[in-house]
Amino acid sequence: MGNIKGFLEYERVDAPTVPEKERICNFDEFHGRLTLEEQEKQAARCMNCGVPFCQAGTMIAGMAAGCPLHNLVPELNELVEGGNLELAYRRLSITHSFPEFTSRVCPALCEKACTCGYHQEAVSTKENEKAIIEFAYDQGLVSEITPKVRTGKKVAVVGSGPSGLAAAQLLNSRGHSVTVFERSDRIGGLLRYGIPNMKLDKSVIDRRVKLMEAAGIQFQTSVNVCGSKKVDGDSPKAKFTDNVKYISADKLREEYDAVVLACGASNPRDINAPGRDTKGIYFAVDFLGKVTKSLLDSDFDVLKKKKKDIFPYNEVSGKNVIVIGGGDTGNDCVGTCIRLGAKSVTQLEMMPCPPEERLASNPWPEWPRVLKTDYGQEEAIYLFGSDPRIYQTTVKEFKSEKGHLKEVVLVSLESKKDEKTGRMMMVPVEGSEKNVPAELVLIAAGFLGSESYVTDGFGVELDGRTNVKTAPGSYAAFASDSKNKGCKIYTAGDMHRGQSLVVWAISEGRNAAREVDFDLMGFTNL
């Protein structure tokens, strides 16, 4: 390293953020950037340790330790510390498809496994990565590989989330002709319609897609890939588009040499409580997607003028909101509802409150199971004066008035062992019910795997979690060869591994692309 004592000389300094008072008035990104001089000091804190868990991407105690993309973190930090951001970008591009996405939305597995973080604050690897990629964009260094020779092979990628985009990127760079099919009206999948604009400005997606189009990748939006034929009134409705077209799985099998299914784990987990059919209850990702679509369609005029006749403002303003789920999506709902004028926001978490520091049973470099207060909770604390989270609590009943949600019945939970299975379960505490006002409920309780209309259409097998089944370490789906007519079906991302992180989706897409390329060409240099 250029400065072997940097971790002793410099304290961690994060990039500035817009204060809560200002940022809740808009949907703009609120994380700033350090000066390059200050970023160099932060990179100098890297210890260049003998065993860099930051880039290991391995599983320890059932949890990921380090980056699954295996970014060359110490090398990148050394280049940033020396001010050589151009070479740092070249080096980062070897392992990473889209640093501009992960440097905004990733929970930084690299930092959680940082050796420096064992005794003090971890190296700010995520912000170093953002400095690298934004410098590269500013200097016009970012481009996609446009192959000089095409292989004559055609690959269809179904889904334009991070895994689908990563697979398309690599397969195109190899010379295959790639077409990406997206059922929504804009490219990006979860990046577009699952993550709010204040975390990931949609122009960041657009600038990358523009480069990919220039390199020869074809994108088809508002196209829903379903079963072997479309039956009017019986086909699944595509989300976030007004003019959906349908294409059959049979047609893709006939026209393409390989198909990569990257449709996500888009089957949301429901809350089966009395009154569930009451108006005013939404799945979180559907809600967040409608918010983003409304903002994009109106050029953010919905928020600026607070138009009462346009969803989502009139669905939130002045209402008491209950968010069921304590994860990242639940937090995004909290921040979104605050920006849309909610009267109050309460976030329910089934599990107990995590400890503020690592327990002895959760040592470094395991993923730290500790309390995290994210931006949405910070904004709720600022606006309402208290943390919105209530632990060991769920909804027992939804109550309505004239068909519209009026209040919910909450019930406390406790951990008890199930006598049949021996597993510890969270069960209701008798007599702990209480009624609270609520005119809007958002269900952010996770996902249950693939949507059946796609998997049935391609005849692929599913595992016990309804994810597409493959051999261990493989991305080729178990499918009927007779049904797929010689066109091999692959899968990647959440559709393969279940609900996970953007960085895992990118890793899966890249790995799937290598396997597709090998099967098509007999070897791969990806």
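This report walks through some helices, cysteines, contacts and backbone oddities in a predicted model.

## Ground rules

Numbering starts from 1 along each chain as its sequence is written, and side-chain values use heavy atoms, with hydrogens and water left out. Because the model is predicted, local features need pLDDT of at least 70 and side-chain atom pairs count only at pLDDT 80 or more, while totals for chains, interfaces and linings use all residues. Helices (H or I, at least four residues) and strands (E, at least two) are DSSP runs, numbered from the N terminus.

## Helix α21 and its surroundings

Helix α21 covers residues 502-521, and its 20 residues should span 28 Å at 1.5 Å a residue. The expected span is 1.5 Å times one less than the number of residues. The end C-alpha atoms sit 29 Å apart, which agrees. Of those 20 residues, 15 are buried, so α21 is largely enclosed by the rest of the structure. Here buried means under 20% relative accessible area, exposed means over 50%, and partly exposed is in between (1.4 Å probe, protein chains only).

Right after α21 comes Gly522, with a positive phi near 90 degrees. On the other side, Gln499 is in the loop between α20 (494-497) and α21. Gln499 is partly exposed, at 45% relative accessible area. Its C-alpha is 7.5 Å from that of Gly446, though the two are 53 residues apart in sequence.

## Helix pairs

Two packed helices are described by the angle between their axes and the distance between the axes. The axes are lines fitted to C-alpha atoms, for helices over the stretch in contact, and angles run from 0 to 180 degrees between N-to-C directions. Take α3 (residues 36-43) and α8: their axes come within 10 Å and cross at roughly 140 degrees. The pair is therefore oblique. Angles under 35 degrees count as roughly parallel, over 145 as roughly antiparallel, 65 to 115 as roughly perpendicular, and the rest as oblique.

The axes of α16 (residues 328-339) and α17 (residues 375-384) come within 7 Å and cross at roughly 40 degrees. That makes α16 oblique to α17.

## Cysteines

How many disulfides are there? The count is zero, where a disulfide is a pair of cysteine sulfur atoms within 2.5 Å. For Cys46, the nearest cysteine sulfur is that of Cys54, 6.4 Å away. Cys106 has its closest cysteine sulfur in Cys110, at 6.4 Å, too far for a bond. Cys46 is buried at 9% relative accessible area, and Cys106 is buried at 11%.

## A buried contact

Asn224 lies in strand β6 (residues 223-226) and is buried, with a relative accessible area of 2%. Its side chain makes a 2.8 Å polar contact with the side chain of Tyr453. A polar contact is a pair of N or O atoms within 3.5 Å; within protein, one must be able to donate a hydrogen and the other to accept it, and residues adjacent in sequence count only if both atoms are side-chain atoms.

## Backbone oddities

Most residues other than glycine have a negative phi, and most peptide bonds are trans. A cis bond joins Trp364 and Pro365, with omega about 5 degrees. Pro365 is in the loop between β11 (344-349) and α17, and its C-alpha is 8.0 Å from that of Tyr118, 247 residues away in sequence.

Asn48 isn't a glycine, yet has a positive phi of about 50 degrees. Asp299 also shows a positive phi, near 55 degrees. Asn48 is partly exposed at 41%, whereas Asp299 is exposed at 57%.
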